[in-house]
Structure formats: structure tokens, C-alpha cells
Amino acid sequence: MKRGPGQPVLWRLDDGEAPRGPHIALVPGTDAPLLPVDLPATLKGIARERVGRRMLAEALGLPAETVEIRPCLRASAQWDRAIVADAGQLADWRTRLMPGCTGMLPDYAALPCYSGVWTVEVSNGIVRARLGETDGFTAEPELAALLLAEAERPEAILRLGEADGAVDSALAERGVPVHADTASLENTDAGKPLNWAHATAGLDLMTPPHAGFDRISARLRSWAAPAIAAGLALAVWLGGVAWQTHDLDARARNAQGDTLAMVRAHFVPAGPILDVRAQVDRALADAAAPDAQEPDALVLFQTAAPWLTGEGIELQSITWQTETGLIASVVLADFAALERVVADLQSAGFDVEQQDTGVRPGGGVSARLHLAAAGA
């Protein structure tokens, strides 16, 4: 057989002396068929493999624990074909691998592989077929002829090895060009061989499918004791932090209760206590100037209203406080519009103080205007 692009040395398991250098071991494809499996797209990872193994075992009439599957993984994790083999047989093959072996494949997987092209070889009365990247089989000629008749029609066929009437008749019925060697095929548009790594991806049986997972599990188990100790230390530390936080909360609640009691007794004898600092400041101001005449809030608002409700200005709120006067929260298109409103209010006899001026996330400018009668 002509070696494909990047193909290493091949050796049939137990067939004579193994090559001394790196090589690939081939096992009988009849004992490791590549079968389709219909799985939901929502199944992924280990769950998809477990369900697939159970379905294939049921289809073959075998106990699931005796079956090992190798999903034919490509670019997507949504595989729909897998190599199925007896777990004991695979274990036996792996014990007979020789030094220098870098992989173990079903014999049909080592045939030249082309996209959209079949490779069919007959040797010693056995048919090996590679029907594209994710399909292939090894079978007796009569069964092989039936499988070839039912498979999806290719663009071309590479026919290697011995003649066989049943197989050649099935291939002729497909009505596509049949080439007797790779050179003939590769002179056509269909003859573009896949490199070895691409052609055999997901088909290597040398290591058990969970070998990597088992190594990670063993490593995690070795970290279990240090992780438990660290977890206990963290739990003790968090417990101490929680106790300190609870103690601080209790002290804060006691201090807040004492403060509210003092404010109720000396500054706000009636009504709700909402803002201790503001209400105490107001009580102190009232005590310092009990006879001061408060400005008329309604008159101030009526005077300022034409400039606070005009075109291009949005008045969001208006409040009155004794210590601060009239407070208007406004939204305008830009800073220039804000400056014009401030200038108009000052011309109308107001002292204007801008606070909390800023750009709004959705556009425009917001500000709080503290208004008082000029000279008040």
C-alpha cells in the first residue's frame, strides 16, 4: 500500500517482527467497527459517551460494561460515530504492543483517505473500506458489497488489491469513476488526500478513552488532604471574622439607639427622625433665631417659575428648606443652556448657587439650583 501524506510505518499486530523505530499497530477492523449512533445534540462530554456506549451495547446485544467506545471526534464535540470494541479484547491488544508503537488503529483506518472519495481494498479475501473521514469498515466480500450499495454515493473510488466479483459489481453500480491507483486518482479534481493526522483523528485505540481523566483524578486525590486542611483553616478564619462582624453590628445598633434617644429628647420631640444631622442643624438654627421671619416660599417659586419651566428645561423637583431656601433640580440640553438660565434668574433678583452639576448618561446636563432672594 502506498503511504499517504505524513503516514508512519504500519505493522499488523503479531504479524512478524515489529519495526524497530516509531510505528503504528493495526488491529482487525472486524473486531473494532466504526458505527453510527443517534444522540441528542444536548448531550455532551462524558454524558454523551455513556449514553452512546449504552445504545451501541444494546444494539450489539452486549452488556454495557464489557464495551469500550472511541468517539470519532472532529472539529465539533457533537460526534455521531464511534469505534466499538470488546473492552477485554482492547486490553489484550494493548499488552501486545511493542516498543516504538505510537498508535493503534483498526486496519481500515490506515487506508488512504480522501474527502468525498472511497478507498476499497481486497486482500486475502477480506474487504477493507474507507468511505471518507468518519466512515469505514472491514468485512467479508458479501457483507461489504451490501454496505457499499447502501452508503452515500461518492465522487470517485480508489480500488486497490485483489479482484472480487461481488465488490466490483457493487462499485460499478455506483456510476462514478474507479481508479486503480493513487496516482490516477490524484490527477483528478477529486484526488486531494488528507494528511495522516487529519485522516486518523479520533480513531486511535492505543490508550483507554478515560486515561487522561484518570490521571487528573489521581492527581486531585493526592491534593485532597492539603485542600481539606486549607478548607478547615479558612472556615476557622471566616468564623472569627463573622463573630467580629456580629459584635461590631451590635455596638453600632446600640450607638444608633443612644443617638436617636438624645435627638428625640433635645432636638426633635415629635415627628419622624429621618436625617439626624439636618434635623439637629435645623433645630439649632431655630433656637439661635426664633423670631426670624422666613421668606415666602410660594412667592419665590412664582417669581422663578418662568425660568424654571420654560422651553428646553425640565424641572424634575422643587423643594423648600429653611436653611437653604428654594432648591430646584433641573435638566437642560447643555452647559450653555444652564448658564443662560442662571443668568436669567440672577437678572430676576435671585442669588443662585449651582450644586451637583454633571452630564447625564443619556445626554444633557443636570444641576441643583439653590435660589434665594438677592440680599436675603
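**Exercise 1.** Take Trp 237, which sits in helix α8 (residues 224-266), in this predicted model. Work out whether Trp 237 counts as buried or exposed.

*Solution.* Start with the cut-off: a residue is exposed if its relative accessible area is over 50%. Trp 237 comes in at 55% relative accessibility, so it counts as exposed. Now pick a partner elsewhere in the chain, say Pro 40. Trp 237 and Pro 40 are 197 residues apart along the chain, and 47 Å separates their C-alpha atoms.

**Exercise 2.** Do the job again for Leu 148 in helix α3: is Leu 148 buried or exposed, and which residues is it in contact with, leaving aside neighbours within four places in sequence?

*Solution.* Buried means under 20% relative accessible area. Leu 148 has 0%, so it is buried. Next, list the contacts, skipping those sequence neighbours: Trp 118, Val 120, Leu 131, Phe 137, Val 167, Ala 170, Leu 171 and Arg 174. Check one of these by its backbone: Val 120 is 28 residues from Leu 148 along the chain, with 9.5 Å between the C-alpha atoms.

**Exercise 3.** Stay with α3 and find how its axis runs relative to that of α4.

*Solution.* First, the geometry: the axes of α3 (residues 141-150) and α4 (residues 165-172) cross at roughly 5 degrees and come within 8 Å. Angles under 35 degrees count as roughly parallel, and α3 and α4 are therefore roughly parallel to each other. Then the residues: α3 brings Pro 141, Ala 145 and Leu 148, while α4 brings Ala 166, Val 167, Ala 170 and Leu 171. Sort them by class and you get 7 nonpolar, no polar and no charged residues.

**Exercise 4.** Try another pair: which way does α10 run relative to α11, and which residues meet?

*Solution.* Helix α10 (residues 297-308) packs on helix α11 (residues 335-347) at an angle of about 150 degrees, and the axes are 10 Å apart. That makes α10 roughly antiparallel to α11, since the cut-off is over 145 degrees. The crossing of α10 past α11 is right-handed. On the α10 side, look for Ala 304, Trp 307 and Leu 308; they meet Val 341, Asp 344 and Leu 345 of α11. The class tally for this contact is 5 nonpolar, no polar and 1 charged residues.

**Exercise 5.** Which residues of α2 are buried, and what do they pack against?

*Solution.* In α2 (residues 87-95), the buried ones are Leu 90, Trp 93 and Arg 94. They span an arc of only 100 degrees around the axis, which puts them on the same side of α2. Their packing partners are the strands β2 (23-27), β4 (67-71), β5 (81-86) and β6 (101-106).

Key
Residues are numbered from 1 along each chain as its sequence is written. This is a predicted model: local features need pLDDT of at least 70, side-chain atom pairs count only at pLDDT 80 or more; totals for chains, interfaces and linings use all residues. Side-chain values use heavy atoms; hydrogens and water are left out. Axes are lines fitted to C-alpha atoms, for helices over the stretch in contact, and angles run from 0 to 180 degrees between N-to-C directions. Helices (H or I, at least four residues) and strands (E, at least two) are DSSP runs, numbered from the N terminus. Angles under 35 degrees count as roughly parallel, over 145 as roughly antiparallel, 65 to 115 as roughly perpendicular and the rest as oblique. A crossing is left-handed if the near helix is turned anticlockwise from the far one by less than a right angle, and right-handed if clockwise. Contact means heavy atoms within 4.5 Å. Ala, Val, Leu, Ile, Met, Phe, Trp, Tyr, Cys and Pro count as nonpolar, Asp, Glu, Lys and Arg as charged, and the others, Gly among them, as polar. Buried means under 20% relative accessible area, exposed over 50%, partly exposed in between (1.4 Å probe, protein chains only). The arc is that of the directions from the helix axis to the C-beta atoms.
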